[in-house]
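Here is a friendly walk through a protein model for someone meeting it for the very first time. Have a look at the sequence and the 3D view, then read on.

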Amino acid sequence: MSYCVNCGVELDHSLDRCPLCNTPVLNPNENDRQDSPPPFSKESGHVEPVKNRDVILLYSLVLIASGVSCGLLNLLVFNRSFWSLYIIGACIILWVLAIPVFVYTRLPVYFSLLLDGLAIGLYEYLITFNTSGSRWFSELALPITAIATLLAILIAALCRRVSSSFLAASLYIFVGIAALCVSIELLVRRFLGKDLLLTWSAVVLTACAIIAVALLTMLSRSRLRSAVRRRLHF
Ligand SMILES: [Zn+2]
């Protein structure tokens, strides 16, 4: 066995150059180098890329199998409550999340966000089969999901149409968080039969307003904007 004089790697006796550093191998004692086959194949291998269609088929079948088997287990064995609806709902959400990635990659972001919101709404509806009443669904879960979905679509639209810079996107997100928190508090208070006042969400609103003013100032002054960009490396 010989070793490379330059990098010290162990060399096959058929090699005339080191595979690592390309240093020529000079071994006066060996003269059968040409006769033996080279240790590495000269032909380059080719692996076919996996198609999206195959991935989504596997993904869908795994999700369908999980949903169906849990449903059957629920119906036939553990049938005290509709527990399998939680798993079926989760499978539906996971499948919907995969649509823009595998099935229809050119799906507009607004439409995929809407589908996500609908899937979450459906999941919440399935939960009502396991709860004593469905008032929480119609008065809390559904409106909150609808508002969150609309805000997400609005933020996506603003990023696409107005500006998608880091500062602008942060501004939209903070305004969206404030709007969502205010809506959640008002909906919860209405659900509990209390007066429509802002308490904890007023704190969130104030914090978001301060951040929004700072972001707006940075956005309107190019010198500030470039200073922030330099410091945050984006
Ligand atoms: Zn070497």
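Let's begin with the overall layout. The C-alpha centres of domain 1 and domain 3 lie 68 Å apart. The domain assignment that gives us those names puts domain 1 at residues 1-39, domain 2 at 51-129 and domain 3 at 132-219.

Keep in mind that this is a predicted model. The average pLDDT of the protein is 87, and 96% of the residues score at least 70. Among the elements, helix α5 (residues 166-191) comes out with the highest mean pLDDT, at 93. At the other end, helix α7 (residues 222-232) has the lowest, at 80. As a rule of reading, predicted coordinates should not be taken in detail where pLDDT is low.

**The zinc site**

Which residues hold the zinc ion? The protein donors are the SG atoms of Cys4, Cys7, Cys18 and Cys21, and they lie 2.2 to 2.3 Å from the metal. Along the chain, these donors follow the spacing C-x2-C-x10-C-x2-C. Cys7 sits in the loop between β1 (2-3) and β2 (10-11), while Cys18 sits in the loop between β2 and α1 (52-76), so this pair ties together parts that are eleven residues apart in sequence.

What about the geometry? The angles among the four donor atoms run from 104 to 115°, and the site is tetrahedral. For comparison, the ideal angle for four tetrahedral donors is 109.5 degrees.

Is Cys18 buried or exposed? Cys18 is buried, because its relative accessible area is 2% and the cut-off for buried is under 20%. Cys7, on the other hand, counts as partly exposed at 37% relative accessibility.

**Around the zinc site**

Val9 lies in the loop between β1 and β2, the loop that also holds Cys7. With 27% relative accessibility, Val9 counts as partly exposed. If you skip its neighbours within four places in sequence, Val9 is in contact with Ser2, Tyr3, Cys4, Cys18 and Leu20. Two of the zinc donors, Cys4 and Cys18, are named in that list. To get a sense of scale, try going from Val9 to Asn74: they are 65 residues apart in sequence, and their C-alpha atoms are 61 Å apart in space.

Then there is Asn22, which lies in the loop between β2 and α1. Asn22 has a positive phi of about 65°, although it is not a glycine. That is worth a second look, because most residues other than glycine have a negative phi. Asn22 is partly exposed, at 48% relative accessibility.

**The salt bridge in helix α4**

How many salt bridges does the structure hold? It holds one. The partners are Arg135 and Glu139, whose side chains meet at 3.2 Å, N to O. Both residues lie in helix α4 (residues 135-161), four residues apart, or about one turn of the helix. Arg135 counts as partly exposed at 42% relative accessibility, and Glu139 is partly exposed as well, at 23%.

Phe191, found in helix α5, reaches this spot too. Not counting residues up to four places away in sequence, Phe191 touches Arg135, Trp136, Glu139 and Leu140. Both salt-bridge partners appear among those contacts.

Leu142 is also found in helix α4. It is partly exposed, with a relative accessible area of 38%. Apart from its neighbours within four places in sequence, Leu142 is in contact with Glu124 and Phe137.

**A stop in helix α6**

Val203 is found in helix α6 (residues 200-220). Is Val203 buried or exposed? At 58% relative accessibility, Val203 counts as exposed, because the cut-off for exposed is over 50%.

**Sequence against space**

To finish, here are a few residue pairs with their separation along the chain and their C-alpha to C-alpha distance.

| Pair | Separation in sequence | C-alpha distance |
|---|---|---|
| Val203 and Cys181 | 22 residues | 9.9 Å |
| Phe191 and Cys181 | ten residues | 15 Å |
| Leu142 and Ser69 | 73 residues | 28 Å |
| Val9 and Asn74 | 65 residues | 61 Å |

Cys181 turns up twice here: its C-alpha atom is 9.9 Å from that of Val203 and 15 Å from that of Phe191.

Note on methods:
Residues are numbered from 1 along each chain as its sequence is written. Side-chain values use heavy atoms; hydrogens and water are left out. pLDDT is the predictor's confidence in each residue, from 0 to 100. Helices (H or I, at least four residues) and strands (E, at least two) are DSSP runs, numbered from the N terminus. A salt bridge is a side-chain nitrogen of Lys or Arg within 4 Å of a carboxyl oxygen of Asp or Glu. Buried means under 20% relative accessible area, exposed over 50%, partly exposed in between (1.4 Å probe, protein chains only). Donors are N, O and S atoms within 2.8 Å of the metal (3.2 Å for Na, K and Ca); water is not among the atoms, so sites may look incomplete. Four donors count as tetrahedral if all angles lie between 85 and 135 degrees; four count as square planar and six as octahedral if opposite donors are over 155 degrees apart and all others between 65 and 115; anything else is irregular. Domain bounds come from an automatic or database domain assignment. Contact means heavy atoms within 4.5 Å.
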